[in-house]
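Biologist: I would like to go through this protein step by step, with a reason for each answer. Please keep it plain.

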Amino acid sequence: MKNTHITRRSALLTGAGLSMTTMLPAAAPAQTARPATPGPAVTESLALGDFAVTPLLAGKVISDNPIATYALNVDPAEFARVCTDNFLPSAKSGNSFTPSLVKAGDALVLFDTGLNPEGILAALAQAGVAPEAITHVVLTHMHGDHIGGLMGEGPTFPNAELIVPRAENDYWAAQDNDAYKAKVLPLIGKARQIGDSDEILPGIRAEAAHGHTPGHTTYLLTSGEKQLLLSGDSFNHYVFSVAHPEWQVRFDADKEAAIQTRKKVLERLAVDRIPFIGYHMPYPAVGFISRRGEGYRFVPATYQFAV
Ligand SMILES: [Zn+2]
């Protein structure tokens, strides 16, 4: 089924006149990862009050040895049991990258940018949006899979105001980090730096969710009674990090702070019944969180936004 899906998507991209070679990323994000496959087959928009929200599939990878990424502090037998219970292999894992496009009045706002310009541009093309039309690019944090699409030969989104969490920028600006220097540094002079609770645009509020990185930030969209949280990398796997928020994740900079934040965000989504888009949830990455046992369960959205 998966292969059929990919073949169909490849056919769609080819049909759109896009060469597959231009879709492939310049570099894989991790040693064990295969190249990201590009572009979405589905670019359905969700109606959220006055907002139209479109999850964009900017890439996918398959990686080895998931216990070393999602379950650093977990006994291998326990990890294998959880995998079996959830019909998941224990030797491989899949990951996807889902920036969100939000139409808010005259603004067209892109949250995070994928691994590279090719992936996000292919996804935007599928949605019928030119990069020049993006008015704002907002970052949850500055890991390579979120900032990678910002810069190619030049800025990918030439007319967009870049909006970044100040704490995140302060951290990376003090590191000797190639991705930051290539993707963020050329743009930071004109960027807007924001803090916790700032309303970055009407109805869109930044909420500090530190731990995954020192300035990791989520964004809450509110229109009338409707809300949706762009949860970024608060939890990075739809089973491992949701059912077991206490499992340590390799990419979390401060493991304990990330666990506390993960629990807080999951509990809030469950109690307030707020829909969310999680950057690494299975595409289209939209869903709900319910409590289950000691942890939580990811409930994929279906037609809730269509009725
Ligand atoms: Zn990420």
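**Helix 7 and the sheet**

Modeller: The cover over the buried residues of helix 7 includes strand 8 (161-165), helix 8 (178-183), helix 9 (185-188), strand 9 (192-194) and strand 12. Bear in mind that this is a predicted model.

Biologist: Which residues of helix 7 are buried, and where do they lie around the helix axis?

Modeller: Helix 7 spans residues 166-173, and its buried residues are Glu168, Asn169 and Trp172. Viewed down the axis of helix 7, these buried residues fall within an arc of 95°, so they line one face of the helix.

Biologist: Strand 12 was part of that cover. In what order do the strands of the open sheet lie?

Modeller: The open sheet is formed by 7 strands, and the pairing is mixed. Its edge strands are strand 10 (199-201) and strand 16 (295-300), each of which pairs on one side only. On average, neighbouring strands of this sheet are turned by 35° against each other, direction ignored. The order is 10-11-12-13-14-15-16.

Biologist: How many bridges join strand 12 to strand 13, and do they run parallel or antiparallel?

Modeller: Strands of a sheet pair through backbone hydrogen bonds, and either direction is possible. Here, Leu221 stands opposite Leu228 in strand 13. Strand 12 covers residues 217-223 and strand 13 covers residues 226-232; the number of bridges between them is 5, and the two run antiparallel.

Biologist: Which helix packs on the sheet, and what angle does its direction make with that of strand 15?

Modeller: The helix is helix 11 (residues 255-272). It touches strand 12, strand 13, strand 14 (276-278), strand 15 (286-292) and strand 16. With the direction of strand 15, that of helix 11 makes about 95°.

Biologist: Is His280 buried or exposed?

Modeller: His280 sits in the loop between strand 14 and strand 15. A residue needs 20 or more other C-beta atoms within 10 Å to count as buried. Because His280 has 22 C-beta neighbours inside 10 Å, it counts as buried.

Biologist: Which residues does His280 touch, leaving out those up to four places away in sequence?

Modeller: Sequence distance and spatial distance should be kept apart here. His280 and Ser231 are 49 residues apart in sequence, with 9.7 Å between their C-alpha atoms. The residues that His280 touches are Asn95, Ser96, Asp233, Asn236 and His237.

Biologist: What share of the 307 residues in the protein is buried?

Modeller: The protein has 11 helices and 16 strands. Of its 307 residues, the buried share is 45%.

Note on methods:
Residues are numbered from 1 along each chain as its sequence is written. This is a predicted model: local features need pLDDT of at least 70, side-chain atom pairs count only at pLDDT 80 or more; totals for chains, interfaces and linings use all residues. Two strands pair if DSSP finds at least two bridges between them. Helices (H or I, at least four residues) and strands (E, at least two) are DSSP runs, numbered from the N terminus. Axes are lines fitted to C-alpha atoms, for helices over the stretch in contact, and angles run from 0 to 180 degrees between N-to-C directions. Two residues are in contact if their C-beta atoms, placed from the backbone, lie within 7 Å. A residue is buried if 20 or more other C-beta atoms lie within 10 Å of its own, exposed if 12 or fewer, and partly exposed in between; C-beta atoms are placed from the backbone. The arc is that of the directions from the helix axis to the C-beta atoms.
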